[in-house]
Amino acid sequence: MQDLGGKPVIVRTYEAAQATGLFDQVYVVTDSDVIFKEIEWHGGNAIMSQKEHDCGTDRIAEAVEEMDVDIVVNVQGDEPFTSKEGLEQVLRVFDGADAAKIDLASLMTEIHDWREISDPNAVKVVVDKENFALYFSRSPIPYPRDKNAAVQYFKHKGIYAFRKQALLDFYRLPMTIIEATEKIECIRFLEYGKRIKMAVSNTQGIEIDTPEDLVRANKALKEEKRLPINNKYRNFPMVPKVVFGRGCFDQLTSIIGPHRKDKAPFIFLVDEVFKNKASVISRIPLRFNDKLLFISAFEEPKTEQVDVLVKSIKTEFTYRPSGIIGIGGGSILDLAKAVSIMLTNKGQASEYQGWDLVKNKAVYHVGIPTISGTGAEVSRTTVLTGPEKKLGINSDFTPFDQVVLDPELTDGVPKNQWFYTGMDCFIHCVESLNGTFLNEFSKSYGEKAYDLCLEIFLDPKVSAETAQEKLMMASWHGGMSIAYSQVGVAHAMSYGLSYVLGVKHGVGNCIVFQHLEAYYAKDVALFKQMIQQHGISLPQGICRDLTPQQMDTMVAIALSLSPLWENALGPDWEQQINAGVLKSLYQKM
Ligand code: NAD
Ligand code: ZN
């Protein structure tokens, strides 16, 4: 019941188990009224155990005796940092070739520090060649007679996955003397000849066995909360290869050639607007079984759309593609990135929305922008609308392996669209340069892109061709600027508009930005000047007929983007921004 970052440890553990999404049901089994009520109060499932028990396993056995279950996982109440990875590993054991021999599975982690090896609070385990447990002990095992012995020590982690029968057997069999001596419950299994398969997990969570652990855990939690937001040092990948210049699109054949693998096709995802544009299509180097798919950018990319595309590619081709090549605006570029990731990562795209959730390297992917401003060609994210959120797949594997910047390809972009997408770049710069995350790295890119935008959108002397070239580079620099910082208020609110009303990114940013004098006064004035100079009209009154529920959703989506708010307003942003503030802003739009 001790507090861990505002909630009792047991509630945190419960929520962590629930959040893995690996279980049909999660329960807390307890003999304490206080714990029972606390869990129910937080909306969880709790079971009161009837009898006195010597250990948690007995208590769980009693609880599942009448349940129709195959595998029961025991997560100790003091393991709030239980990771999905560890639980997945312990469950995966039951899919292995030797599954029939396994009565239960548990987890171990490598340890190296002699203090920990000799600490009786850390239970050590030794295993046979197939990772079946031989013995558990609070003593260092094996005992190193020769202190330089090259032996690997493993610490047991208190997570068990039982076949129901093994659990019930355990419950009925009396405690054994060795178990009682070491006070390690799983020894009972070994003494009765059961087989425990150990999975290795090296993700280190903090276990809470002592008051000092709790202090450390509270500290770690605070750091963890801060970590994904303003992590001071980011070691991020950049696009390794880029070619620039009018007509460089024709280099594509020689660029992708060396990446072609025998029988594995290149898949070209091309914006549908080019369907009848022979001047572009005829230059796409289709060879052998390569495939060209025309994709509509009418709606912004969805996780489901990615899943459908990946499935169709996997169904049609036996070989994993040599590469994915996206030709289009931010929408198509993001789709190309997401498809290349999902070809090598299992499950659904929505499972990877967030920061650093992608496990495997994507297939080779090339981005060829045909409209400039989003910075999607250079960024580490692919923005997707999923069933629950609009959020990017932000990972080291997301950026393109190759980008082709040919300003000629942006011929024919309708004026309004040119402006909206171009303003995405301007707003990226404004939000980055005025943000609290700004550093010299971001600033050097942001300032350049900002100046280019002023030339492109305010200086009448710049020719159309030069403006195309400048905007292409502004987009690149704007994207680089947010790589080390973050976007801000306009993007957070634009995501809300997009999620509820399907308003597209560029125009959504513009609709929001004109009302943000309170946050970006000087740049909102410049923006209005640009609007006027180019005779751009923005949709009006789009929030007028929202239902209260729609408004609430919109506000909730915007508020959920804490890194954006923190960048815009600092760590205490919640004192300045709340649902009321956002509602009154949205009502103006
Ligand atoms: P887009 O890709 O949605 O395209 C906008 C319109 O322009 C479409 O109708 C498209 O068919 C048309 N178009 C594109 N090139 C054309 C050309 N050469 N000639 C004629 N018409 C052309 O627009 P966008 O503004 O580039 O991208 C918006 C998307 O980018 C959103 O989905 C947004 O979430 C995403 N985005 C991603 C990032 C990132 O870092 N990954 C950053 C910002 C925005
Ligand atoms: Zn943007």
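Which residues does Leu-538 touch, not counting residues up to four places away in sequence? In this predicted model, the partners are Tyr-420, Val-507, Cys-510, Ile-511, Gln-514, Phe-527 and Ile-531. Leu-538 itself sits in the loop between α19 (517–533) and α20 (548–559). With a relative accessible area of 10%, Leu-538 is buried, because the cut-off for that label is under 20%. One of its contacts, Val-507, is 31 residues away along the chain, yet the two C-alpha atoms are separated by 7.6 Å.

**The zinc site**

Let's turn to the metal. The zinc ion (ligand 2) has Asp-424, His-428, His-491 and His-505 as its protein donors, lying 2.1 Å from it. Asp-424 contributes OD, while His-428, His-491 and His-505 each contribute NE2. Along the sequence, the spacing of these donor residues reads D-x3-H-x62-H-x13-H. His-428 belongs to helix α14 (residues 415–433) and His-491 to helix α17 (residues 489–501), so this pair ties together parts that are 63 residues apart in sequence.

If you plan to look at the geometry, here is how it comes out. Ideal angles for four tetrahedral donors are 109.5 degrees. Around the zinc ion (ligand 2), the four donor atoms subtend angles of 87 to 169 degrees, and the arrangement is therefore irregular. The tetrahedral label would need every angle to lie between 85 and 135 degrees.

Two of the zinc donors and the loop leucine can be set side by side by their burial:

| Residue | Relative accessibility | Class |
|---|---|---|
| His-428 | 4% | buried |
| His-491 | 1% | buried |
| Leu-538 | 10% | buried |

**The parallel sheet and its helices**

Elsewhere in the chain, six strands pair in parallel to make an open sheet, ordered β11-β19-β16-β14-β12-β13. The edges are taken by β11 (242–244) and β13 (291–295); each has a single partner strand, so one side of each lacks a neighbour in the sheet. On average, and ignoring direction, neighbouring strands are turned by 15 degrees against each other.

Within this sheet, β14 (residues 323–328) and β16 (residues 365–369) run parallel and are joined by five bridges. Gly-326, for example, has Gly-367 in β16 as its bridge partner.

Helices pack on the sheet too. Helix α13 (residues 330–342) touches β12 (266–271), β13, β14 and β16, and its direction makes about 170 degrees with that of β14. Helix α16 (residues 464–483) touches β11, β16 and β19 (402–405), with its direction at about 155 degrees to that of β19. Strand β16 is thus touched by both α13 and α16.

Key. Residues numbered from 1 in each chain as written. Chains lettered and ligands numbered in written order. Predicted model: local features only at pLDDT ≥ 70, side-chain atom pairs only at ≥ 80, totals over all residues. Heavy atoms only, no water. Pairing = 2+ DSSP bridges. Helix = DSSP H or I, 4+ residues; strand = E, 2+ residues; numbered from the N terminus. Axes fitted to C-alpha atoms, helices over the stretch in contact; angles between N-to-C directions. Contact = heavy atoms within 4.5 Å. Donors = N, O, S within 2.8 Å, 3.2 Å for Na, K, Ca; no water. Tetrahedral: all angles 85-135°; square planar, octahedral: opposite > 155°, others 65-115°. Buried < 20%, exposed > 50% of the residue type's maximum accessible area, 1.4 Å probe, protein only.
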